[in-house]
Amino acid sequence: MSTNPHLTMDPKMMGLGRSIAVLTSGGDAQGMNAAVRATVRVGLYTGAQVYFVHEGYQGLVDGGDNIRLATWESVSMMLQLGGTVIGSARSKDFMTREGRMKAAQNLVKLGITNLCVIGGDGSLTGANDFRTEWTGLLLDLVKAGNITDTEAKKSTHLNIVGMVGSIDNDFCGTDMTIGTDSALHRIMEVVDSITTTAQSHQRTFILEVMGRHCGYLALVTALACGADWVFIPEMPPADDWEDHLCRRLMDQRGRGSRLNVIIVAEGAVSSDGSPITSDLIKKLVTDRLGFDTRTTVLGHVQRGGTPSAFDRVLGSRMGVEAVMALLEATPETPACVVSLSGNQAVRLPLMECVQLTKDVTAAMAEGRYEDAIKLRGKSFENNWNTYKLLAHINPPDVKSNINVAIVNVGAPCAGMNAAVRAAVRMGIIQGHNMLAVHDGFDGLADGQIEPINWTSVSGWIGKGGSMLGTKRSLPSKIMEKISQNIAKFNIHALVIIGGFEAYMGGLELVQARENFEEMCIPMVVIPATVSNNVPGSDFSIGADTALNAITLTCDRIKQSAAGTKRRVFLVETAGGYCGYLATMAGLAAGADAAYIFEEKFNIKDLEMNVDHLVQKMKTTVKRGLVLRNENSNANYTTDFIFNLYSEEGKGIFDCRKNVLGHMQQGGTPTPFDRNFGTKMGAKSVLWLTEKLKICYRHGRIFANTPDSACVLGMKKRSLTFQPLTALKEDTDFEHRIPKTQWWLKIRPIMKILAHYDIKLDTSEHADMEHVLKKSY
């Protein structure tokens, strides 16, 4: 952890006497408003003055009304808006020294020495150049008599922190830039719509997506929709790609597919550098194959619409981190960007990231495409490798004679089918025979087991729920029947996809190894539940889809409350005893409070929340939104809190309640859940394949070590396998939650953004890392 002296200060005093300006620059991206809102509110929380800079760098140059003081209320109702409320512009004036002198003068006159820039690599590079020549600009301004010596001495150095806002996700060193997830939502909405019409007419659809010289959007779209082919700038196709593509499309039709989907990044090129356009591909497919082919160029629809829950949380967390980074900075601190890596906040030296981004461009220009893929980062490389493996059937000549069974357990959730599809196809690629188990452990006991092949899972990636069928039953009472069927169907390995029941069921199967030798096979549990309560993983498949469903509903509720005024809505969310959905939805929707089991509350806390809402009704923001996790408290039920708020708010506000129920389990999976499920499913089978090699003795499989039955989970920055038995210590079995949950640390952010007077723990703030030292 950092030893910065600012960390010993009260966070509410850190900004006293200081001023922060926030601007958005370059192309707009969904989630920028969340970042602006968080920067303003956390800046005000620290005691700083915060200024909006309207119209990007042009507003900085023009000054006047373009640089205005921000207030708490001025960023209300911004979270759910796409684009950037404070405007963005590409400024030619700022590119000149004369323009930057004007910008410096405007900042000095207002006493602003901290600048938060939300934009792409060009915008952030411009900010660093501005910072580098700051001293020289001030000297020239003093000489010209535009500022006084005293004013110059008060503004001796300029602190810069950047947040990357770009739908292209083309900034190296960061997992996801603000706006990328929302752009993927827009793209997948179009793909899902096109898929239905393409199947009706047996058509080939070619979709061109944005991304400039970065293929991230195209690659993840291809992975998330199971496209037949993807063209990205980082990896041009082989010289004979035309023949290969036509063979692939014919092969898919020959297997019974009624449609073909081809994704093209706008910067896609062939190996000789010539552009590959959607029209070029259409002509090829039409002329060679005679297929009915259509092209769709998505264009600026990808930038539009409401930001996804992920982008709101990302923007909010980055805004908090940006303010802390600015206020902790010294003259020696290099300009940095803040971002997320996994679920960890990171600070990275700005110019190291810019250099790495330039290195990618150079590698592509020089034909070093493998280097370009690696330089994009581990996430990009993993996506590319997974896509290559799953894109088309290429089974080995020799079968493994291994039978791998896949079962869904617990409540259904979006993304389960994506994991099943990836596991099935990866298994076939490894030469295994794949078996589908219907209706959970009951189906395993009753023999509802059948072979599942490559085409069986076609189209599953975008379907919600569980195509295999799932039940909550645990195996302990039917263990003998399960062992008989494992022997009867000669099952050598098991993939269990589900929530806490999947974890519990896996543990029971491991414990049964003492009595049933048939259970001595490798097993892997893939967490898939809206509740996000499986030990061993920071995220579960399905939680992102549920979170977006809740957030969208809260947006509509807030809109209703804003129209009627003086109304507070109480919304009950799912999750069992796990408060993940309530907390994250609270952050994404801008809730006033979120009651959860993990953070105990009493009548005094409820009274404080009512008082908070009473005070809020005196401002221009005359509405309230309160979330309650379904099992947060046995006595303070949703009805109890509703009645309390209704009684205490009489004459000041009225109250309404909504119980969201099973709508949180439904719907088509989000791009994140499709991608996450695909990578988890594929990785689980690759791991099982290696375990089977280790466990093969004397002509049979025998696995009874703890590490032969694992949970595959996302921990901090990577997918890791952890033995089921090792996770027991970190499990609260009574309440079906892990004992340690990472997201509890960000609950104070939600409260501060809702204007509660609490202390922010700054001990968890990120140290500066060096992106160039990472092992790409």
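Is Phe-672 buried, partly exposed or exposed, and at what relative accessibility? In this predicted model, Phe-672 has a relative accessibility of 27% and therefore counts as partly exposed. Burial is assigned only under 20% relative accessible area, and Phe-539, at 17%, accordingly counts as buried.

These two residues also belong to the aromatic contacts of the structure, which holds 20 aromatic pairs. Phe-539 and Phe-672 form one such pair, with an edge-to-face arrangement in which the ring centres are 6.2 Å apart and the planes stand at 65°. Phe-539 is located in the loop between strand 16 (523–527) and helix 19 (543–564), whereas Phe-672 belongs to helix 23 (residues 671–695), so the pair ties together parts of the chain that are 133 residues apart in sequence. A further edge-to-face pair is formed by Tyr-580 and Trp-743, with 6.2 Å from centre to centre and 75° between the planes. Distant parts of the chain are linked by this pair as well: Tyr-580 lies in helix 20 (residues 580–589) and Trp-743 in the loop between strand 26 (737–738) and helix 24 (747–753), 163 residues apart. Both Tyr-580 and Trp-743 are buried. The four residues of these pairs are joined by Phe-676 and Trp-742 in one aromatic cluster.

The description now turns to a sheet of the model. Seven strands form an open sheet of mixed pairing, and their order is 3-2-1-4-5-10-11. The edges are occupied by strand 3 (67–69) and strand 11 (344–349); each has a single partner strand, so one side of each is left without a neighbour in the sheet. On average, neighbouring strands of this sheet are turned by 25° against each other, direction ignored. In general, the strands of a sheet pair through backbone hydrogen bonds, in either a parallel or an antiparallel manner. Strand 1 (residues 19–24) and strand 2 (residues 49–53) run parallel and are joined by five bridges. Within this pairing, Ile-20 has Val-50 of strand 2 as its bridge partner. Helix 4 (residues 121–132) lies across strand 4 (114–119), strand 5 (159–164) and strand 10 (336–341), and runs at about 160° to strand 4.

A charged residue of helix 1 was also examined. Arg-37 is situated in this helix, which comprises residues 32–45. Arg-37 is buried but has no salt bridge, and the nearest side chain of opposite charge, that of Asp-592, is 7.8 Å away. A salt bridge would require a side-chain nitrogen within 4 Å of a carboxyl oxygen. When neighbours within four places in sequence are left aside, the residues in contact with Arg-37 are Val-75, Met-78, Leu-79, Ser-316, Gly-590 and Leu-753.

Backbone angles were considered at two further positions. Most residues other than glycine have a negative phi. Met-77, by contrast, has a positive phi, near 60°. Met-77 is found in the loop between strand 3 and helix 3 (97–110), and its relative accessibility of 24% places Met-77 among partly exposed residues. Asp-439, which is not a glycine, likewise has a positive phi of about 60°. The loop that holds Asp-439 runs between strand 13 (433–437) and helix 16 (440–446). With a relative accessibility of 23%, Asp-439 also counts as partly exposed.

Terms used: Residues numbered from 1 in each chain as written. Predicted model: local features only at pLDDT ≥ 70, side-chain atom pairs only at ≥ 80, totals over all residues. Heavy atoms only, no water. Pairing = 2+ DSSP bridges. Helix = DSSP H or I, 4+ residues; strand = E, 2+ residues; numbered from the N terminus. Axes fitted to C-alpha atoms, helices over the stretch in contact; angles between N-to-C directions. Contact = heavy atoms within 4.5 Å. Buried < 20%, exposed > 50% of the residue type's maximum accessible area, 1.4 Å probe, protein only. Lys, Arg positive; Asp, Glu negative; His and termini not counted. Phe/Tyr/Trp six-rings, centres within 6.5 Å; stacked < 30°, edge-to-face > 60°.
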